[in-house]
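Okay, hi everyone, thanks for making time. I'd like to walk you through a structure that may be new to you, so have a look at the screen.

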Amino acid sequence: MGMILPEWINTLIRLVIPIGIILALAPVGMMYLTWLERKVIARIQDRVGPNRVGLYGLLQPIADGIKMLTKEDVVPAGADPICHFLAPVIIVVPALFLFTVLPFGPRLVAASLTTGLLFFVAIGSLGTLAIFMAGWGSRNKFSLLGAARTAAQLIAYEVPLVLSLVVVPMIAGSLNLVEIVRAQQGRWFILTPWGFTGFFLLLTAGLAEVNRTPFDLPEAESEIVAGFHTEYSGMKFALFYMAEFLSTLAMSGLISVLFLGGWMGPLLPDWLWMSLKTFLLIFVMIWIRGTFPRFRIDQLMGFAWKVLLPVSLANILGAASCVLIAGFWGNLLAALLVFGTFLVTTQLWLQPKPQLTTRWVQVGSS
Amino acid sequence: MRIYGLELLRGLTITLGHFINSYTIGFRRTFRNRMRGQVRQHPADKGVFTVQYPDERLRVPERFRVLPVLIFDGKKGEQWKQETERCTACGICAKVCPPQCIWIVQGKDPATAKPVAKASEFFIDADVCMNCGFCAEYCPFDAIKMDHNFELGAEERHVSHIFDINKLHVSTEYYAETHPKAWGEEQVRRKAEADKKAATAAAAKKEAPPA
């Protein structure tokens, strides 16, 4: 191809094809994630889930899409029209950008950046801007509250998220996600003590980062209606959902790249292994959603700053000790560091406050 | 001292158990119920609890009551006739009906045009009826009973929800099938009453001197 076509067309094709694939597959993947989520949650609650539209309800996402497209698009009176319109557009873009650096095989990556991990973290937190635009532009107290909560939550969870990511380039020696997967040739990072801790830290902080239960305070329906997307309807609302599911998908992909060996695995092709690991993590996220209730805002903040942050710092020390002292003793030291920190922080700060006994006084008695 | 996170893991195993049970037990039960032709729900059951209503349905309890029906002595599919009709147009049900939704017209003998103890018209407004069952409680002739007919949707209410005598009449065979226990009790009671009547009649006959 390069022999016949000029150089610029060649480059263009190399760029356009992966972008086209991402743009085509991501919405379809998101639609079927909604189906999967509804099915799994239903099964956890002893229900059947969507099963009327098509076989096993497989056409339900399409029916939902048609419904969303034909719904009325309401812009509230007094809303900031530009902010209100742009927010759902802007929130999808970073969610789609995340897929450009995720490797689905040694050569199956849209852009193999040398700073891929940094790119992922930087782009991943851009969604907050769109959420705040939505909250501000809607002229609704619930929207604004939801947006404020998002900002607070993301600032709190960005710190342990990045600190739990730091250990991977420390050991792999590269920020390029393809190189990181190659570094797990011998054993996956989750099988090392620091990788094990990092995996759970990243899973927890990642759940908070993509606003999923039990960290879905920005859209807590029992308190603030629907949070930042209270005033959105029709396709704009669908775009918010799409961004959320795409971020979930991308976060699962990142965790499987960093700790579960990415595309590596026996027998099956690369892309299939990567997809399997991603969907396993998505299942875990849905499973967590089906199990745990939502945090209270002070518990959420307390958990981030008082537990996750010290543990992720201890994890960095543990990874460093693994490098310094090779072999069993380094691993033991890393494990002890993390476990000790976890014990100390939880005992210090998560202990429930002693209950004050209520003393009832009879009215009229002396 | 308490190790945090262990109970969270335990919670996760519980929900995973429900997830797996919904497939294994649910499948077995679906198969079994297909064979039996009915769905069962019990608090101790595990697996999927959903009853796919229009396709599957739970059996309603026998004393479940919705609207009253009139009983005539006969088989299913038969048309009611004045001879088989149990109702005597006494009007007790219309009197005790709290929302006053029953309207009765007494029948006439076609030959003599004299009133007879049979109803020729019997209306119940299904929208007004409050399903209390007083009519069935008070009826001295066991002619009006509460039925299980709960799928009563219609597109308008001024014509199709005024049930007339033809729509209200069901056979004793149908009632015996839907209410086996109540029907059995009623049969026993009616037989005892008939026996008592026969005994008193026989005693009266014995006391009275033969003519």
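I'll talk about how the two chains meet, and then about the largest pocket. One thing up front: this is a predicted model.

So, the interface. People often quote the size of an interface as the accessible area lost when the parts come together. Here, chain A and chain B bury about 1900 Å² between them, and 63% of that is on carbon and sulfur atoms. On the chain B side, three residues stand out: B:Tyr4, B:Leu12 and B:Phe19 supply 32% of the area that chain B buries against chain A, more than any other three residues. If you go by class, the side of chain B touching chain A has ten nonpolar, seven polar and two charged residues. In terms of who takes part, the contact draws 21 residues from chain A and 19 from chain B.

What about salt bridges, how many are there between the chains? Zero, for chain B and chain A. What we do get is five residue pairs in polar contact, both partners at pLDDT 80 or more.

Okay, on to the pocket. The largest one holds about 1900 Å³ of space. Its lining is 49 residues, and nearest the centre are A:Phe303, A:Phe342, B:Tyr4, B:Gly5 and B:Leu8. You'll recognise B:Tyr4 from the interface.

Which helix gives the most to that lining? That's H8 of chain A, with nine residues. H11, H12 and H13 of chain A and H1 of chain B also each supply at least two. By class, the lining comes out at 35 nonpolar, seven polar and seven charged residues.

That's my tour, thanks!

Methods. Residues are numbered from 1 along each chain as its sequence is written. Chains are lettered from A and ligands numbered from 1 in the order in which they are written. This is a predicted model: local features need pLDDT of at least 70, side-chain atom pairs count only at pLDDT 80 or more; totals for chains, interfaces and linings use all residues. Side-chain values use heavy atoms; hydrogens and water are left out. Contact means heavy atoms within 4.5 Å. Buried area is the accessible area (1.4 Å probe) that two parts lose on being put together, summed over both. A salt bridge is a side-chain nitrogen of Lys or Arg within 4 Å of a carboxyl oxygen of Asp or Glu. A polar contact is a pair of N or O atoms within 3.5 Å; within protein, one must be able to donate a hydrogen and the other to accept it, and residues adjacent in sequence count only if both atoms are side-chain atoms. Ala, Val, Leu, Ile, Met, Phe, Trp, Tyr, Cys and Pro count as nonpolar, Asp, Glu, Lys and Arg as charged, and the others, Gly among them, as polar. On a 1 Å grid over the protein atoms alone, a cavity is a set of points where a 1.4 Å probe fits but cannot get out, and a pocket is an open set with protein on both sides within 12 Å along at least five of seven lines; lining residues have an atom within 4 Å of a point. Grid points are joined across faces, edges and corners, and a volume is the space filled by probe spheres set on the points. Helices (H or I, at least four residues) and strands (E, at least two) are DSSP runs, numbered from the N terminus.
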